[in-house]
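Q: Could you take me on a close look at one part of this structure, with the pairings that hold charged and aromatic side chains together? I would enjoy one connected walk-through.

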Amino acid sequence: MNFIRGVISGQPAGPQPSGAETIQKLCDRVASSTLLEDRRDAVRALKSLSKKYRMEVGNQAMDHLVHILQTDRSDSEILGYALDTLYNIICNDEEEEQDESEDAVATIPLSGKQKNVPAPDENAQKQVDDLGAQFTDKFIQDAENVTLLLGLLEEFDFHVRWPGVKLLTALLKNQCTQVQGVILVSPMGVSRLMDLLADSREVIRNDGLLLLQQLTKGNAAIQKIVAFESAFERLLDIITEEGSSDGGIVVEDCLLLLLNLLKNNSSNQNFFKEGSYIQRMKPWFEVGDDNSGWSAQKVTNLHLMLQLVRVMVSPVNSPGATASCQKSMYQCGLLQQLCTILMATGVPADILTETINTVSEVIRGSQVNQDYFASVNAPSNPPRPAIVVLLMSMVNERQPFVLRCAVLYCFQCFLYKNQKGQGEIVATLLPSTIDANSISAGQLLCGGLFSTDSLSNWCAAVALAHALQDNLTQKEQLLRVQLATSLGKPPVSLLQQCTNILSQGDKINRRGSKVQTRVGLLMLLCTWISNCPIAVTHFLHNQENVPFLTGQISENLGEDERLVQGLCALLLGICIYYNDNSLENYTKEKLKQLIEKRIGKENFVEKLGFITKHELYSRAAQKPQPVFPSPEQMLFDHEFTKLVKELEGVITKAVHKSSEEEKKEEEVKKTLEQHDSIVTQYKELIREQDCQLQELKEQVSSVTSQNEQLQVTLTQQLSQIQQHKDQYNILKLKLGKDNQSQSNSQGDGSHINGLQTEELTQIREEVEELRKQQTLLQTQLGDKDALINTLRSEAAATAAEGTDGALDNTELLKELETLRSQVQSQLAEISQLQSERKDLLRRAEAGSSEADLGGESSADAAELESRLATQTSETDKLKDQMKSLLEGRAGLEQQLASATSTVAILQTEKAKLQTEVQESKKEQDDLLMLLADQDQKIHNLKQKLKDLGEPVEDEDDLDARDQTDDDDEEEDDDE
């Protein structure tokens with residue numbers, strides 16, 4: 001213990017051992033001590049020696065320190081010492097670099113003979129980096145060590161969590177890819193690190209931000225996991241809490257982490273947009289009227305915020321995602337806020353430059369955003385459009401180079417896929433629209449094009465070329481522009497003036513590179529006359545242009561002029577390829593002969609290849625933004641590189657083709673044009689037919705829907721009619737039963753045998769007739785079913801014949817439903833007739849059973865005769881009713897048409913029948929009372945007859961006697 005205290009306090013304790021020996025003893029103490037206090041003191045001593053003796057502690061003590069982390073989890077103090085020690089030996093911090101540098105300087109011999117000694121700082125830095133990477137490899141050699149460290153980060157104790165965060169950050173700095181792989185496969189590894197952002201202690205939260213910055217570098221999988229762990233929400237909350245752009249270094253760390261998560265990660269960009277986080281960026285760019293005295297931290301923060309906006313709308317993103325973000329930025333007012341900064345005063349130059357670049361990419365290719373930008377005015381008196389103010393900066397040679405490049409990029413993005421904007425720019429140059437009292441964009445471009453500053457010439461030429469990009473109309477319109485060169489001389493066209501300046505070349509004194517001016521003019525001319533035969537004719541009409549181009553191409557110039565030769569070859573090749581042979585002296589064939597005589601085809605192709613072989617060509621072809629280290633290297637435009645790539649091959653073929661091949665190609669072109677015209681006609685015909693077919697389909701669908709609605713309505717009405725009919729039949733049956741019960745209750749059960757037999761015979765005949773009619777009706781029903789199936793097949797066949805077929809189908813379906821309703825009504829009538837037949841049979845049986853009861857008085861006979869006549873009349877009525885029902889089938893169609901009125905009539909009849917039923921019930925009750933009285937009287941009379949000794953037979957005795965007589969008759973027949 002005294003030895004350890006001596007090491008920590010620095011006091012001598014006897015003979016001083018070397019550093020390696022001391023570290024070895026401390027390591028032995030850590031490994032062998034059983035007391036926690038001894039191990040804690042030994043680890044604390046190793047921590048104090050770890051910076052000075054970094055290599056020795058790393059080589060000897062790392063395994064022991066890892067073992068401490070595994071076994072002594074209960075003691076936060078020793079864990080903190082162990083983590084600090086590991087951090088000291090792994091991290092390449094500035095203090096250690098300075099210490100190592102001092103040691104390296106001290107070991108260099110001070111001898112004048114050693115002249116080739118490396119710089120001490122470089123050697124020290126290299127040693128430090130190698131040592132940190134070496135110990136990092138040793139630590140992560142076992143993946144469980146990283147997992148152990150992730151587990152320690154869950155400890156809330158400050159002395160454990162903070163050094164753990166710093167240690168993991170150092171590991172990621174030294175060996176990022178390997179540590180990322182371990183954390184990615186570790187269960188809940190990333191989620192544990194995300195919890196650091198929620199720590200209430202700012203030191204841990206801020207170091208957690210630095211840790212996540214290292215963790216998310218170049219790993220899309222980890223970036224997605226971090227994003228879906230609510231990283232955007234937490235980071236934006238921290239930025240707001242820290243004061244947004246006015247915040248400190250923490251805001252910068254949050255913005256750097258956001259850039260890591262969003263850059264080149266389409267999934268996270270989409271998640272950021274869908275989560276409505278773009279709207280939360282708008283308050284960042286709210287600047288006040290007083291913009292003086294911006295701090296360096298605020299400039300850094302706002303610069304990163306602008307970069308974050310640019311990441312969301314970068315041209316390298318997918319067009320759909322970029323367009324969606326541009327729309328969101330316009331709708332939430334972010335674009336308007338950026339334009340406010342653009343026009344504000346007192347904004348630092350680098351922030352203004354980055355704001356111009358940001359606005360450029362927010363409006364690039366978005367018509368709505370471009371239209372809004374065109375409407376923005378600068379706060380000047382009188383107000384001027386923002387485009388004009390920016391162009392004034394671009395052609396002003398006193399402005400910073402990066403600012404002029406940014407303005408050019410903004411103008412290019414404003415005209416990108418914006419034919420409306422291109423037309424507005426070109427219109428400012430036309431004679432009919434020039435306003436002498438105001439400065440227009442076209443005037444500024446012409447002024448820059450003809451100024452003595454080569455950079456202004458190049459920028460104005462490229463800007464004007466973008467106003468003509470892929471727009472044949474504006475190329476032809478620009479041919480109308482006339483320029484006044486000097487007093488007393490006639491005006492010349494803009495095309496002629498450009499060629500004049502190009503031919504004068506070195507004769508004009510210019511500031512900057514003379515090659516730059518000529519390159520800019522040649523790019524403008526190539527863009528102007530490409531794919532525009534009228535412009536080619538105007539260019540060739542000047543007799544001096546072709547000799548100038550051939551002279552430039554055929555000369556042997558220096559390296560600086562080789563690019564000009566290549567562009568001249570390209571311009572001459574465009575004159576051949578897009579030549580309509582309207583000028584006799586400069587037809588395609590004559591121009592090719594001129595090249596072959598004065599230049600040579602192979603030489604011409606070689607000079608044409610100088611363009612793509614230039615070192616600055618590939619750099620400009622990479623991205624749309626013009627970024628150049630110096631003004632002299634500003635030679636190529638991104639869109640022009642696309643044009644060169646498109647035309648180089650076709651021009652080479654056009655130069656090598658013979659006249660016969662040209663004729664064949666023209667014939668093929670004519671044939672193809674004819675074929676294309678025929679195809680176009682057929683396409684238009686197909687489009688018209690498609691439109692007609694679509695209209696017919698819509699009509700059929702509407703008619704079908706109406707038909708379905710009518711069918712539903714008809715079905716509902718039929719069901720209502722059927723319900724009312726059923727109710728009507730039920731009430732009718734009830735009324736018939738009531739009448740029958742009334743007739744039976746009157747006691748006229750006696751009939752004459754001869755008349756009864758005659759009545760039964762008639763009833764049987766009627767029953768047979770009813771059966772025949774039923775058979776006939778069933779036959780008709782089968783015919784109707786066959787007819788229904790036929791109609792269905794015909795309806796299905798005619799359904800595809802268009803609107804007329806659909807209407808016929810509707811009529812057939814109506815007829816089908818009508819026939820179906822007739823069949824249903826006939827079935828109901830059949831069931832009604834069968835029920836009536838059963839009632840008649842029941843009456844006949846009742847009459848035969850009561851035939852033997854009567855007959856003692858003539859009054860009873862008269863009553864029986866009257867009843868027989870009544871039944872006969874009822875039978876006749878039934879026959880008539882049956883005939884009327886058979887005849888009423890034809891009238892059912894008319895009843896279906898007036899279904900609504902029928903329902904009302906049936907409802908009134910239903911009400912009447914209900915009242916009749918009530919009255920009949922009352923009468924029935926009265927008759928039942930009378931019948932009971934009569935039964936009582938008959939019983940009393942029979943009882944008196946029995947008392948008087950007269951024989952009286954009951955109904956049971958009469959039935960028994962009839963049965964005996966029947967048996968005797970059967971026996972006689974058998975004998």
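What follows looks at helix H5 and its salt bridge, then moves on to other pairings and helices. Which residue does Asp84 form a salt bridge with, and how far apart are the closest N and O atoms?

A: Happy to walk through it with you, keeping in mind that this is a predicted model. Asp84 forms a salt bridge with Lys47, and the closest N and O atoms are 3.4 Å apart. Asp84 sits in helix H5 and Lys47 in helix H3 (residues 36-49), so this pair ties together parts that are 37 residues apart in sequence. The two partners differ in cover: Asp84 is buried, with a relative accessible area of 17%, while Lys47 is partly exposed at 28%. The cut-off matters for that reading, because buried means under 20% relative accessible area.

Now for the helix around Asp84. Helix H5 covers residues 76-90, which makes 15 residues, and from its first C-alpha to its last it reaches 21 Å, close to the 21 Å expected at 1.5 Å a residue. Of those 15 residues, 13 are buried, leaving H5 mostly covered. Glu77 belongs to a network of salt bridges that also links Arg40 and Asp75.

Helix H31 (residues 559-577) makes a good companion case. Its 19 residues should span 27 Å at 1.5 Å a residue, and the end C-alpha atoms are 28 Å apart, which agrees. Because 15 of the 19 residues are buried, H31 is largely enclosed by the rest of the structure.

Back to charges: the count across the model comes to 21 salt bridges. As background, side chains of opposite charge can pair when their charged atoms come close. One of these bridges joins Arg192 and Glu154, with the closest N and O atoms 2.9 Å apart. This pair links distant parts of the chain: Arg192 is in helix H11 (residues 189-194), Glu154 is in the loop between helix H8 (143-152) and helix H9 (158-174), and the two are 38 residues apart. Arg192 counts as partly exposed, at 21% relative accessibility. Another bridge brings together the side chains of Lys273 and Glu274, at 2.7 Å from N to O. Here Lys273 counts as buried at 14% relative accessibility, whereas Glu274 is exposed with a relative accessible area of 52%.

Aromatic rings come next. A search of the whole structure finds 11 aromatic pairs. Among them, Phe232 and Phe272 meet edge-to-face, with 5.1 Å from centre to centre and 85 degrees between the planes. Phe232 lies in helix H13 (residues 220-241) and Phe272 in helix H15 (residues 266-274), so to speak a link between distant parts of the chain, 40 residues apart. Both Phe232 and Phe272 are buried. Ring pairs also join Phe228, Phe232, Phe271, Phe272 and Tyr277 into a cluster.

For contrast, look at the surface. Ile678, Tyr682, Leu685 and Ile686 make a nonpolar surface patch of about 390 Å². Leu685 lies in helix H37 (residues 659-745), and at 39% relative accessibility it counts as partly exposed.

Finally, the setting for all this. The protein chain has 43 helices and four strands, and buried residues make up 44% of its 975 residues. Among contacts with a separation of 6 or more, 74% come from residues 24 or more positions apart. The accessible surface comes to about 51400 Å², and 50% of that belongs to carbon and sulfur atoms.

Methods
Residues numbered from 1 in each chain as written. Predicted model: local features only at pLDDT ≥ 70, side-chain atom pairs only at ≥ 80, totals over all residues. Heavy atoms only, no water. Patch = residues over 30% accessible without salt bridge, like charges linked within 9 Å, V, L, I, M, F, W, Y side chains within 5 Å. Areas by Shrake-Rupley, 256 points an atom, 1.4 Å probe, with all protein chains shown as cover. Salt bridge = Lys/Arg side-chain N within 4 Å of Asp/Glu carboxyl O. Buried < 20%, exposed > 50% of the residue type's maximum accessible area, 1.4 Å probe, protein only. Expected span 1.5 Å × (residues − 1). Contact = heavy atoms within 4.5 Å. Phe/Tyr/Trp six-rings, centres within 6.5 Å; stacked < 30°, edge-to-face > 60°.
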